[in-house]
Amino acid sequence: MAGVFGVTTVHADGSGDPAVASSDNGKYTDKDGNPTYKISPDGTVDWYTYSGFRRYHSDCHVCHGPNGEGSSYAPALAESLKTLGYTDFVNIVTNGRKNVDAANDKVMPSFATNVNVMCFIDDIYVYLRARANNAIPGGRPPNHEDKPEAAKEAETSCTGIK
C-alpha cells in the first residue's frame, strides 16, 4: 500500500479504546464494533492479528516500511492509526488517496480490486492497530492462535481459493 496514509488508560487510537468487548469465532471487536486485537499475557496474538502481519508484509510493507514504520515516500501506518479510525482506513485502502501539491507528491493507489488486500482488510487493520498501541513489537509475532474455521471459510468465500 503506497502513499498517504479506577485508573483510566488512554490509548492513542483513532478508533478509541482497543479493548476487546466481544468475540465471534476468534474475531474480536471493541465497544464501538471496530475490529481489534487480542494479545495474551505470554505474547500470543489472535489469528487475525497474525494474518494481518502476514498480509501487511505481502502487500503493504514495500512502501510503508517494516512494521508499519513508514518510508521516505509513504507514511508510518502504525503512527497514522493513532488518529485514523477504522472507517477512514478502509476508505483510503479501498479508494486510494492523492496528496499532490508543491510540497508533496504522494499517491496511495486503490486496492479495491486486490483480493489479497480487501479480503483481509480487517486483519491488516488489527495488526496495524496493535502496532499503533505498542501492543506487539515489530517483527513476526512468535506465537499465534490457530486459524479458526470461520477464517478458513471466509477466506475461501472471498478469494475463491480452497
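Here are legends for a few close-up views of a predicted model.

**About the model.** Local features in this predicted model need pLDDT of at least 70, side-chain atom pairs count only at pLDDT 80 or more, and totals for chains, interfaces and linings use all residues. Residues are numbered from 1 along each chain as its sequence is written, and side-chain values use heavy atoms, with hydrogens and water left out.

**View 1. The whole chain has seven helices and five strands.** Helices here are DSSP runs (H or I) of at least four residues and strands are DSSP runs (E) of at least two, numbered from the N terminus. Going along the sequence, you'd meet them as β-β-β-α-α-α-α-β-β-α-α-α. Of the 162 residues, 43% are buried, where buried means under 20% relative accessible area, using a 1.4 Å probe and protein chains only.

**View 2. The largest nonpolar core holds 27 residues.** Such a core is a set of buried Ala, Val, Leu, Ile, Met, Phe, Trp, Tyr and Cys residues joined through side-chain atoms within 4.5 Å. Leu81, Phe89, Val93 and Leu128 have the most contacts inside the core. Helices H1 (47–59), H4 (86–95) and H6 (121–132) each give two or more residues to the core, and H6 gives the most, with eight. In soluble globular proteins, nonpolar side chains tend to be buried together.

**View 3. Zoom in on Leu128 and its partners.** Contact means heavy atoms within 4.5 Å. Skipping neighbours within four places in sequence, Leu128 is in contact with Tyr56, Gly68, Leu77, Ala78, Leu81 and Phe89.

**View 4. Helix H4 and what comes just after it.** The buried residues of H4 are Phe89, Ile92, Val93 and Thr94. Just after H4, look for Gly96, which takes a positive phi of about 80°.

**View 5. Thr36 sits in strand S3 (residues 35–36).** Thr36 is buried, with a relative accessible area of just 2%. Leaving out residues up to four places away in sequence, Thr36 touches Pro18, Ala19, Val20, Tyr28, Thr29, Asp30, Val126 and Arg129.

**View 6. The largest pocket has a volume of about 260 Å³.** A pocket is an open set of points on a 1 Å grid over the protein atoms alone, where a 1.4 Å probe fits, with protein on both sides within 12 Å along at least five of seven lines; lining residues have an atom within 4 Å of a point. Its volume is the space filled by probe spheres set on the points. Of the 20 lining residues, Lys27, Tyr48, Cys119, Asp123 and Ala154 are the closest to the pocket's centre.

Notes. Buried means under 20% relative accessible area, exposed over 50%, partly exposed in between (1.4 Å probe, protein chains only).
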